[in-house]
Each structure stands twice: as structure tokens, then as C-alpha cells.
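User: I am new to protein structures. Please show me how to read one, feature by feature.

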Amino acid sequence: MLYSATINVMVKAARRAGRSLKRDLGEIEHLQVSLKGPANFVSLADKRAEEMLYTDLAKARPGYGFIGEEGGTREGTDKSHTWIVDPLDGTTNFLHGIPQFAISIGLSREGTVIAGVIYNPANDELYIAERGKGAFLNDQRLRVAGRRKLDECVVACGLPHIGRGDHDLARKEMAALQTRLAGFRRFGAASLDLAFVAAGRLDGYWERNLQPWDIAAGQIMVREAGGIVSDIDTSGDALVTGNVVCGNEFVHGELVRILKPLAG
Ligand code: IPD
Ligand code: CA
Ligand code: CA
């Protein structure tokens, strides 16, 4: 596959940071991490990955702004371009040695995401999307699943955990969908949930209270694979509200129809 120079920059950065995360995962798996400090160890791994990504992306595109989960916003001289980066999406999985986590890099131009790369170094799955050029998993073009019967659909969600989000609303949402779906999943890495919808593995996905770095790359992935992504309640931009719902046109419509009335 021939990708643009920008995608090549993103992929190279993701792969280098990915090698670092994979080494760190190895330490966790082999219990090299002291029982006292696994969370600390993961937080260092996370920060190290973000610094690698920042170094590589800033070197290749000096001037672009950078929003990273760990280091916050770093203004650039080029006000139209911004990298939106989660160096480790799925931290809890990583901490537990569960190989479902990813590096997520989005590039926005004038507020619109124009490119996305999501890379899971544990299984070497690399997702790429560029505006108007399609979405790919390890060079294979992606297309969202075509199912049009909710009772045949497998849908993932994100659940608020201790100290986060609206637990009552999450229970209402699950109850409303439980009786209508073929299966529920909760994988624990938002970027990969979106990528799985793009790949047609999942028929749909919704989650509330996400951050731009969880969504940026995955949003363009789903759209370039022919899917619909929106805010749950307003049909506005999930990147702004953090409440994301997606699927093919039918599944997206059904999820919105069921979920929207439950909030508020
Ligand atoms: C989290 C994951 C998880 C989602 C959380 C996110 P992090 O990101 O994407 O699936 O449910 O809301 O914060 O903290 O692992 O980067
Ligand atoms: Ca995240
Ligand atoms: Ca993160």
C-alpha cells in the first residue's frame, strides 16, 4: 500500500512507541514489576511513549500543535494543524497484561480530523485512515459490517468505573439494549472499539465521557470505512462532547433512537 508522507510519519512514530510499550508489557507479564508499583510503572511507560511520539512527530512536522493525554497541550506555530494523541489507550488492560491497548494518533486540520493511526503493538494490528482515501487494517481495506437486524448485532460499550461517569445511566442504557442485541462487549480501549467497528468486527459501539484523544483517530477510521459517528444526544460532534455512538447507518440510527431518550 502506498500511503501519504503524513501517514508514514504517523506509522513510524506509532511503531517506535509501540516497541517501547511492548517491552514494558513484557515486564508486566513476567512479573518483573514490583508488587508495590505496577501503576507507577505503567504511568512511566505511558509518559515515555508520549515523549517518543512527541519527539518523532515534532521532528517530522515542526510547528504542528500537540495535544497528548499525559503532557497536555503544546502549542505550535502552525495554528491549523494539531496532533491528538493517546500514547496508551487501554491503560487498565495494559496494567493487567491484557493485550487490548493501543497508541492512537489523530491529525486535525482546522478542527477536522484528516488522518488517524491506531496501533496495537501486542498483536501488531495497525489501523490507518486518511480523509477521502479509506481505512485499512494491516493494508487491507476496511468496511463496516452491513447487518440491519439489531438482534444479529454485536455491540460494544464503555462502562464507567469507580469514581467516574453516571452509573445509573449506564445501567439504564445496558438494560435497554440487552434484550435487543446478539451480544454485548466491553473491551476497555476506546480507540480499538472504534477500530473494531471500522473493521466490521463490531456492529456498533457507544460510550460517554471520552476525551478527544480517545476518539480522534477512531472517528475517522469508522467514517472512512463507511460508518456513521456522532454524539449520542445531539447528532453533533462526539469529539467535542465525548459521548460517542457509531455503526453502519442502520445500527447507528437504532442505537441513537434507543439511547437518546434515556439521558436527561
Ligand atoms: C480509557 C479507555 C477505556 C474507556 C475510558 C478511557 P485510557 O482510556 O479508552 O476503554 O472506557 O473511558 O479513559 O485511560 O486507558 O487511556
Ligand atoms: Ca484513552
Ligand atoms: Ca491513555
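Here is a short dialogue about the metal sites, the sheet, a helix and the salt bridges.

User: What kind of model is this?

Analyst: This is a predicted model. Keep that in mind throughout. Let us begin with the metals.

User: Which residues are the protein donors of the calcium ion (ligand 2)?

Analyst: To read a metal site, look for the donor atoms around the ion. For the calcium ion (ligand 2), the protein donors are Asp-86, Asp-89 and Asp-214, each through OD. They lie 2.1 to 2.3 Å from the ion. Next, look at the spacing in sequence. The pattern here is D-x2-D-x124-D. Asp-86 belongs to strand β3 (residues 78-89) and Asp-214 to helix α6 (residues 212-224), so this pair ties together parts 128 residues apart in sequence.

User: Are Asp-86 and Asp-214 buried or exposed?

Analyst: Asp-86 and Asp-214 are both buried. For Asp-86, the relative accessibility is 1%. The cut-off for buried is under 20%.

User: What coordinates the calcium ion (ligand 3)?

Analyst: Glu-69 (OE), Asp-86 (OD), Asp-86 (OD) and Leu-88 (O) coordinate the calcium ion (ligand 3), at 2.2 to 3.1 Å. Note that Asp-86 is listed with two OD entries. The donor spacing reads E-x16-D-x1-L. Glu-69 sits in the loop between β1 (64-68) and β2, while Asp-86 sits in strand β3, 17 residues apart. Glu-69 is partly exposed, because its relative accessibility is 33%.

User: How far apart are the calcium ion (ligand 2) and the calcium ion (ligand 3)?

Analyst: The two ions are 3.8 Å apart. Asp-86 coordinates both.

User: Now the sheet. In what order do the eight strands of the open sheet run?

Analyst: Read a sheet from one edge to the other. Here the order is β2-β1-β3-β4-β5-β6-β7-β8, with mixed pairing. The edges are β2 and β8 (140-141). Each has a single partner strand, so one side of each is left without a neighbour in the sheet.

User: In what sense do β7 and β8 pair?

Analyst: Strand β7 (residues 134-137) pairs with β8 in the antiparallel sense, over two bridges. You can find one facing pair: Phe-136 stands opposite Arg-141 in β8.

User: Which strands does α1 lie across?

Analyst: Helix α1 lies across β3, β4 (102-109), β5 and β6. Its angle to β5 is about 35°.

User: Let us turn to α8. Which of its residues are buried?

Analyst: To read a helix, sort its residues by accessibility. In α8, the buried ones are Val-251, His-252, Glu-254, Leu-255, Val-256, Ile-258 and Leu-259. Then ask what they touch. These buried residues pack against β9 (154-157), α4 (167-178), β11 (204-207), β12 (228-231) and β13 (244-247).

User: What caps the N-terminal end of α8?

Analyst: Asn-248 does. One of its side-chain oxygens lies 2.9 Å from the backbone nitrogen of Phe-250.

User: How many salt bridges are there?

Analyst: Start with the general idea. Side chains of opposite charge can pair when their charged atoms come close. In this model the count is 13 salt bridges.

User: Where do Glu-254 and Arg-257 lie?

Analyst: Both are in helix α8 (residues 249-259). They are three residues apart, so about one helical turn separates them. An α-helix has 3.6 residues a turn, so residues three or four places apart point the same way. Glu-254 and Arg-257 form a salt bridge, with the closest N and O atoms 3.0 Å apart. Glu-254 is buried at 18% relative accessibility, whereas Arg-257 is partly exposed at 49%.

User: With which residue does Asp-124 form a salt bridge?

Analyst: Its partner is Arg-15, and the closest N and O atoms are 3.1 Å apart. Asp-124 lies in the loop between β5 (112-120) and β6 (125-130), and Arg-15 lies in helix α1 (residues 5-29), so the pair ties together parts 109 residues apart in sequence. Asp-124 is partly exposed at 38%. Arg-15 is partly exposed at 30%.

User: Which residues are linked with Glu-51 in a network of salt bridges?

Analyst: The network links Glu-50, Glu-51 and Arg-74. In the bridge between Glu-51 and Arg-74, the closest N and O atoms are 2.7 Å apart. Glu-51 is in helix α2 (residues 38-60) and Arg-74 in strand β2 (residues 72-74), 23 residues apart. Glu-51 is partly exposed, with 39% relative accessibility.

Definitions and conventions:
Residues are numbered from 1 along each chain as its sequence is written. Chains are lettered from A and ligands numbered from 1 in the order in which they are written. This is a predicted model: local features need pLDDT of at least 70, side-chain atom pairs count only at pLDDT 80 or more; totals for chains, interfaces and linings use all residues. Side-chain values use heavy atoms; hydrogens and water are left out. A salt bridge is a side-chain nitrogen of Lys or Arg within 4 Å of a carboxyl oxygen of Asp or Glu. Helices (H or I, at least four residues) and strands (E, at least two) are DSSP runs, numbered from the N terminus. Buried means under 20% relative accessible area, exposed over 50%, partly exposed in between (1.4 Å probe, protein chains only). Donors are N, O and S atoms within 2.8 Å of the metal (3.2 Å for Na, K and Ca); water is not among the atoms, so sites may look incomplete. Two strands pair if DSSP finds at least two bridges between them. Contact means heavy atoms within 4.5 Å. Axes are lines fitted to C-alpha atoms, for helices over the stretch in contact, and angles run from 0 to 180 degrees between N-to-C directions. A polar contact is a pair of N or O atoms within 3.5 Å; within protein, one must be able to donate a hydrogen and the other to accept it, and residues adjacent in sequence count only if both atoms are side-chain atoms.
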